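Trainee: Please take one part of this model, the place where the ligand sits, and go through it closely with me. I would like to follow the surroundings outward from there, with every cut-off spelled out.

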Amino acid sequence: MSKRAPAEHPIHDLVAERWSPVVFSEEPLTPQQIRTLFEGARWAASSYNEQPWVYIVGVKGTDGAWRGLLDCLMEANQAWAQHAPVLALAVASTRYARNDKPNKHAWYDVGQASASLALQAASMGLYVHQMGGFDPDKARERFAIPDDHEPIAAMAIGHLGDAAAADQGLAKRDAAPRARKGIDEFVFGADWGSFPDSLR
Ligand SMILES: Cc1cc2nc3c(=O)[nH]c(=O)nc-3n(C[C@H](O)[C@H](O)[C@H](O)COP(=O)(O)O)c2cc1C
């Protein structure tokens, strides 16, 4: 199934083809595929090139990390994420290593790294579904996340599953059309709230 974005202006295939499914296949990813995904995250921009991201990664059927990550998800997310072969948790380092001052850009930087990872995945025909629906305290305890780090978002990674064989409630979610605000709703010029005349 393709859920290519019905873009109103021409965009790159990778951007158009990335979306967040809830029907994942149980097909495992290879260690090389997983390394490549995080290599994608690695090359994101960050404030002072601090790269304030850590990813806790669980590969189904290997060590206990996958199960531990699944346990941290909200039930509604567990319902579909349990089929994904890889789960991960993006964690921000919240102080600059260079001077120990608070890094207010850390959240932005982690988001950029995860976006790079998602686009890298799209280029490989893989899918990433990010989740804010997890218990950060549970994650902190389970994975001994230090005080100067903050869990930001969980993610499920894998191949798209077979909608016909899946729970039909989940399949229906994946079949829903994609919707976005128009760029005129978030691109402003001289006047707050107004799309610039120069771009019309
Ligand atoms: C930070 C963040 C948190 C999210 N939390 C959840 C979540 O807990 N459960 C869920 O099913 N989807 C979650 N999503 C996925 C969004 O709902 C999804 O990205 C959005 O609806 C746009 O759809 P698309 O990614 O398919 O384009 C989250 C996405 C982001 C970036």
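Mentor: What follows begins at the ligand and then moves outward through the neighbouring parts of the chain.

This is a predicted model, in which local features need a pLDDT of at least 70 and side-chain atom pairs count only at pLDDT 80 or more, while totals for chains, interfaces and linings use all residues. Residues are numbered from 1 along each chain as its sequence is written, and side-chain values rest on heavy atoms, with hydrogens and water left out.

The shell around the ligand consists of 13 residues, where a residue is near a molecule if one of its heavy atoms lies within 4 Å of it. Those that come nearest are Ser20, His129, Gly132, Arg178 and Arg180. By class, the shell divides into three nonpolar, six polar and four charged residues; here Ala, Val, Leu, Ile, Met, Phe, Trp, Tyr, Cys and Pro count as nonpolar, Asp, Glu, Lys and Arg as charged, and the others, Gly among them, as polar.

Several polar contacts, meaning pairs of N or O atoms within 3.5 Å (within protein, one atom must be able to donate a hydrogen and the other to accept it, and residues adjacent in sequence count only if both atoms are side-chain atoms), reach the ligand. The side chain of Arg18 places an N or O atom 2.9 Å from an oxygen atom of the ligand. Asn77 also uses its side chain, with a polar atom 2.8 Å from a ligand nitrogen, whereas Gly132 contributes a polar backbone atom, which lies 2.7 Å from a nitrogen atom of the ligand. As for coverage, the ligand has 630 Å² of accessible area on its own, and the protein covers 58% of this; such areas come from the Shrake-Rupley method with a 1.4 Å probe, and for residues only the protein chains shown count as cover.

Two or more residues of the shell are given by α4 (75-81) and by β3 (127-131), where helices (H or I, at least four residues) and strands (E, at least two) are DSSP runs numbered from the N terminus. Of the elements, β3 gives the most, with three residues.

Met131 is a useful residue to follow next, as it lies in strand β3. Its relative accessibility is 4%, so it counts as buried, on a scale where buried means under 20% relative accessible area, exposed over 50% and partly exposed in between (1.4 Å probe, protein chains only). Leaving aside neighbours within four places in sequence, Met131 is in contact (heavy atoms within 4.5 Å) with Leu73, Asn77, Trp80, Ala81, Ala153, Ala154, Met155 and Ala156. Asn77, in this list, is also the residue whose side chain approaches a nitrogen atom of the ligand.

Trp80 leads further out. The structure holds five aromatic pairs, a pair being rings of Phe, Tyr and Trp (its six-membered ring) with centres within 6.5 Å, and planes under 30 degrees apart counting as stacked, over 60 as edge-to-face and the rest as tilted. One of them joins Phe24 to Trp80 in a stacked arrangement, with 6.2 Å centre to centre and 15° between the planes. This pair links distant parts of the chain, since Trp80 belongs to helix α4 and Phe24 to the loop between α1 (13-17) and α2 (31-42), 56 residues apart. Both of these aromatic residues are buried.

Phe24 in turn touches His83, a residue in the loop between α4 and β2 (86-93). Although 59 residues separate His83 from Phe24 along the chain, their C-alpha atoms are 5.8 Å apart. The other contacts of His83, not counting residues up to four places away in sequence, are Ser25, Glu26 and Lys60. His83 counts as partly exposed because its relative accessibility is 29%.

Helix α4 also has a neighbour in α3 (residues 65-72), whose buried residues pack against it as well as against β1 (53-59), β2 and α6 (136-142). Those buried residues are Ala65, Trp66, Gly68, Leu69, Leu70 and Cys72. Because six of its eight residues are buried, α3 is largely enclosed by the rest of the structure.
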